[in-house]
Structure formats: C-alpha cells, structure tokens
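Take a look at the chain below. Follow its charges and its contacts, one residue at a time.

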Amino acid sequence: MEINEIRETVKEFLIDELEIDESRIYDDARLKEDMGIDSLEVVDVVVLVDKKFGVRMKNEDFKLVKTFGQFCSFIAEKLS
C-alpha cells in the first residue's frame with residue numbers, strides 16, 4: 001500500500017470515527033495538540049489501525065509518533 005493511500009485511509013477514519021475536522025489533518029499536525037486526540041481516543045485509533053491495516057499497535061508505539069505524517073509513516077513501515 002502506498003503512503004498516499006495510507007494517508008487517505010487514516011484521514012477518513014479520523015474524520016468519520018473521531019469527528020476530527022479535515023482542516024486539522026495535515027502532515028505536521030500534532031496528534032494531541034493540533035488534532036485533539038486524547039488518551040481515550042488513542043485506544044480507538046489503535047483498534048482502527050488493526051482493523052483497517054492489520055497492523056498491531058501498542059499504546060507505547062503511539063507515544064513515539066507525534067504528528068499525522070509520522071503516524072502514517074509508522075503504518076507504512078509496519079506494512080513493508
């Protein structure tokens with residue numbers, strides 16, 4: 001799966017499932033500070049990543065990624 005496909009898929013579930021405004025989703029957007037993803041929503045994101053991509057993510061993994069772009073790159077790396 002190409003990085004652009006990953007970005008679009010992640011963007012879609014952030015908009016649909018977490019109701020994040022599309023204008024707040026861009027590569028340098030910080031997941032917590034800019035996009036407002038809180039600790040409870042992290043659990044939802046981890047489940048969605050597993051469901052959509054088959055990538056198991058731990059909460060510790062989520063702490064390593066700070067921005068939307070890093071998050072998408074993390075998924076791409078796990079898929080390769």
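This report walks through salt bridges, a charged patch and a few single residues. Keep in mind that the model is predicted.

## Salt bridges

Start with a simple rule. Side chains of opposite charge can pair when their charged atoms come close. How many salt bridges does a search of the whole structure find? The search finds four. The table below lists three pairs, including their N to O distances.

| Acidic side chain | Basic side chain | Distance, N to O |
|---|---|---|
| Asp 27 | Arg 7 | 3.0 Å |
| Glu 22 | Lys 11 | 3.5 Å |
| Asp 34 | Arg 30 | 3.1 Å |

Take the pair of Asp 27 and Arg 7, whose side chains meet at 3.0 Å. This pair links distant parts of the chain. Asp 27 sits in the loop between helix 1 and helix 2, while Arg 7 belongs to helix 1. The two are 20 residues apart. How open are they to the outside? Asp 27 is partly exposed, because its relative accessible area is 33%. Arg 7 is partly exposed as well, with a relative accessible area of 21%.

Now turn to Glu 22 and Lys 11, which meet in a salt bridge of 3.5 Å. Glu 22 lies in the loop between helix 1 and helix 2, and Lys 11 lies in helix 1, so the pair ties together parts that are eleven residues apart in sequence. Glu 22 counts as partly exposed, because its relative accessibility is 48%. Lys 11, in contrast, is buried, with a relative accessible area of 19%. The cut-off matters here: buried means under 20% relative accessible area.

Arg 30 and Asp 34 form another salt bridge, at 3.1 Å. Arg 30 is partly exposed, with a relative accessible area of 40%. Asp 34 counts as partly exposed at 23% relative accessibility.

## A negative patch

Some charged residues gather on the surface. Which residues form the negative surface patch? They are Glu 8, Glu 12, Asp 16, Glu 17, Asp 38 and Asp 44. Helix 1, which covers residues 3–18, gives the largest share of the patch: four residues. Asp 16 is found in helix 1. Is Asp 16 buried or exposed? Asp 16 is exposed, because its relative accessible area is 55%, and exposed means over 50%.

## An unusual angle at Glu 19

Backbone angles have a common pattern. Most residues other than glycine have a negative phi. Glu 19 is not a glycine, yet its phi is positive, at about 55°. Where is Glu 19? It lies in the loop between helix 1 and helix 2, where helix 2 covers 39–53. Glu 19 is exposed, with a relative accessible area of 69%.

## A buried charge at Glu 41

Glu 41 has its place in helix 2. Glu 41 is buried, yet it has no salt bridge. Which side chain of opposite charge is nearest to Glu 41? That is Arg 24, which is 7.7 Å away. A salt bridge needs the nitrogen and the oxygen within 4 Å.

Glu 41 does have contacts. Not counting residues up to four places away in sequence, Glu 41 touches Leu 18 and Gly 36. Glu 41 and Leu 18 are 23 residues apart in sequence. In space, they are 7.5 Å apart, C-alpha to C-alpha.

## Contacts across the chain

Two more residues show how parts of a chain can meet. Ile 3 lies in helix 1. Ile 3 is partly exposed, with a relative accessible area of 29%. Leaving aside neighbours within four places in sequence, Ile 3 is in contact with Cys 72, Ser 73 and Ala 76. Ile 3 and Ser 73 are 70 residues apart in sequence. Their C-alpha atoms are 7.2 Å apart in space.

Val 65 lies in the loop between helix 3 (59–64) and helix 4 (68–79). Is Val 65 buried or exposed? Val 65 counts as buried, because its relative accessibility is 9%. Not counting residues up to four places away in sequence, Val 65 touches Leu 31, Gln 70, Phe 71 and Phe 74. Val 65 and Arg 30 are 35 residues apart in sequence and 9.0 Å apart in space, C-alpha to C-alpha. Arg 30 is also the residue that pairs with Asp 34 in a salt bridge.

Definitions and conventions:
Residues numbered from 1 in each chain as written. Predicted model: local features only at pLDDT ≥ 70, side-chain atom pairs only at ≥ 80, totals over all residues. Heavy atoms only, no water. Patch = residues over 30% accessible without salt bridge, like charges linked within 9 Å, V, L, I, M, F, W, Y side chains within 5 Å. Areas by Shrake-Rupley, 256 points an atom, 1.4 Å probe, with all protein chains shown as cover. Lys, Arg positive; Asp, Glu negative; His and termini not counted. Charge placed at Lys NZ, Arg CZ, Asp CG, Glu CD. Buried < 20%, exposed > 50% of the residue type's maximum accessible area, 1.4 Å probe, protein only. Contact = heavy atoms within 4.5 Å.
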